[in-house]
Every structure is written in structure tokens, then in C-alpha cells.
Amino acid sequence: MPQKDPSTEQKIEAVIFASEESVSLQEIRQVLDEKLSAPEIEACVERLNESYASTGRCFRIAGVGGGFRFLTLSSLEPTLKKMLAPKIQRKLSQSALEVLAVIAYQQPVTRGEIQQVRGVSPDYSVNKLLERGLIDVRGRADTPGKPLLYGTTKEFLDFFNLQSLKDLPKLREIKELVQDKEIQDYLSSSEETTFNEET
């Protein structure tokens, strides 16, 4: 019995599923090579999510970084937290996270400005963040020496599951997170990783 050609929804589902990062509307249109409007693609995604919900799936297609990607339900965070924390630690040390936070909230920003905030040279962390693709060069500052300016990338939004920079937590929310005991324990263990990486 011959197989039926895949539907448009199946194609969209496959494209998003196969990608390791968020897929934009334009990328979906290019891969499918079909004349689909943004509302038509969004409607397909909505129908797929309705199907996942009705069958009790643990994931949904979410809007992230201006595109779409599969994410597990937030209610499953406690289940996945212990598994994912070591992976995040391997990717970003505590010092790199601090530098990334300064860049995210004050971009575009120079290395000198980052150092003023943190009190130590950010060179190692900036280089690591550039290698990881979480930041990039945005030009040069109009100050003596014309230092490079840094800002966050689409990969940064994708890594932290943010639709845009407007979704960054407010400083008040960050302070509340830092006071959380689990977060404090996590940061303490990250500091050990940082020390080992930089010595």
C-alpha cells in the first residue's frame, strides 16, 4: 500500500523537530518551498499543539527567538532540572554567565565597561561567549581607542528560551532567584567549575 504524501503540518513539524535551534517563518517557507503566509504557518503550529495537548504529550512548539522550537512543559522542570544543570555548567561557567548578564542588560557594551561592573578582566569569558555564538561584535565605541562593542545574538535568545530581549527577567526577579536556596547551591557548584576552568 503506497504511503500518502506528508501534509503541510507534518512537514512543518518535521522541520522544527529536526532543528537544534529555533526555526524562523522564513526558514520554514524556504525548506517547504510552498507559498505559505505567516498566519497559515502559525495556524498549523496551533493545530499541532492542540493535538499534543489532547494526547497528553509532554512538549509543545513554542515561539523562541523569533522562530519556533520544541520545548517540554514548564511543569516538568523539576523532573529535568537535575539532569540539565550539569550540562549548563559545562557550557557556561559562573564568570561567563556574569559577563553575559552584563552584556545582555547593557548592550552594546565594551570590555572596559564590563570590567567596571565586575571588577575583573572579562577577556576569558568574552572569548568563550564569542566562541559559543552567544555574543557578537556590534561595531566600535566612539571613545578613545575605538574599543569593540558587544551584544547578544539570536543564539542567546535560543539558549535561554527567550522570544526577544523584552523577555529578560527584571532585576527584581533576578534578586528573588538569587535568594532561592537551590539557585544558591547551583551557583556555588558552578564557582568550583569556574575555578577549575580558569586555573
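## A walk through a predicted structure

Let us start at one residue: leaving aside neighbours up to four places away in sequence, I103 touches V109, I114, L129, I135, Y150, G151 and T152, where a contact means heavy atoms within 4.5 Å. This is a predicted model, in which local features need pLDDT of at least 70 and side-chain atom pairs count only at pLDDT 80 or more, while totals for chains, interfaces and linings use all residues. Residues are numbered from 1 along each chain as its sequence is written, and side-chain values use heavy atoms, with hydrogens and water left out.

**I103 and the whole chain**

I103 lies in helix 5. Helices (H or I, at least four residues) and strands (E, at least two) are DSSP runs, numbered from the N terminus. Is I103 buried or exposed? I103 is buried, with a relative accessible area of 0%; buried means under 20% relative accessible area, exposed over 50%, and partly exposed in between, using a 1.4 Å probe and protein chains only. The C-alpha atoms of I103 and L149 are separated by 9.5 Å, although these residues stand 46 residues apart along the chain.

Stepping back, the chain has ten helices and five strands. Of its 199 residues, 29% count as buried. Among contacts with a separation of 6 or more, 52% come from residues 24 or more positions apart.

**Helix 5 meets helix 6**

Helix 5 (residues 94–106) also holds Q94. Q94 is buried, at 12% relative accessible area, and its C-alpha atom is separated by 9.5 Å from that of S125, 31 residues apart along the chain.

How do helix 5 and helix 6 pack, and at what angle? Helix 5 and helix 6 (residues 111–118) pack at an angle of about 115°, with axes 10 Å apart. Axes here are lines fitted to C-alpha atoms, for helices over the stretch in contact, and angles run from 0 to 180 degrees between N-to-C directions. The crossing of these two helices is right-handed; a crossing is right-handed if the near helix is turned clockwise from the far one by less than a right angle, and left-handed if anticlockwise. Helix 5 contributes S95, E98, V99, V102, I103 and Q106 to the contact, and helix 6 contributes I114, V117 and R118. These residues divide into five nonpolar, two polar and two charged. In this grouping, Ala, Val, Leu, Ile, Met, Phe, Trp, Tyr, Cys and Pro count as nonpolar, Asp, Glu, Lys and Arg as charged, and the others, Gly among them, as polar.

**Three strands and a helix**

Now to a sheet. Three strands form an open sheet in the order 1-3-2, with antiparallel pairing; two strands pair if DSSP finds at least two bridges between them. Its edge strands, each pairing on one side only, are strand 1 (23–24) and strand 2 (59–64). Helix 1 (residues 8–18) packs on the sheet, touching strand 1, strand 2 and strand 3, and its direction makes about 70° with that of strand 3.

The table sets out the bridges.

| Strand pair | Bridges | One bridge partner pair |
|---|---|---|
| Strand 1 and strand 3 (residues 67–72) | Two | S24 and G67 |
| Strand 2 and strand 3 | Six | A62 and R69 |

The hairpin of strand 2 and strand 3 has two residues between the strands, and there G65 takes a positive phi near 55°. Close by in our story is N49 of helix 3 (residues 38–54). N49 is buried, with a relative accessible area of 17%, and touches R60 and I61, not counting residues up to four places away in sequence.

**Aromatic rings**

How many aromatic pairs does the structure hold? It holds four. Rings of Phe, Tyr and Trp (its six-membered ring) pair if their centres lie within 6.5 Å; planes under 30 degrees apart count as stacked, over 60 as edge-to-face and the rest as tilted. One of the pairs is F59 and F70, edge-to-face at 5.6 Å centre to centre with 75° between the planes. This pair links strand 2, home of F59, to strand 3, home of F70, eleven residues apart. F59 is partly exposed, at 25% relative accessibility. F17, Y52, F59 and F70 form one aromatic cluster.

**Two backbone surprises**

Most residues other than glycine have a negative phi, and most peptide bonds are trans. Yet K146, not a glycine, has a positive phi of about 45°. K146 is found in the loop between strand 4 (135–140) and strand 5 (148–152) and is partly exposed, at 41%. The peptide bond from Q107 to P108 is cis, with omega near -5°, and P108 is found in the loop between helix 5 and helix 6.
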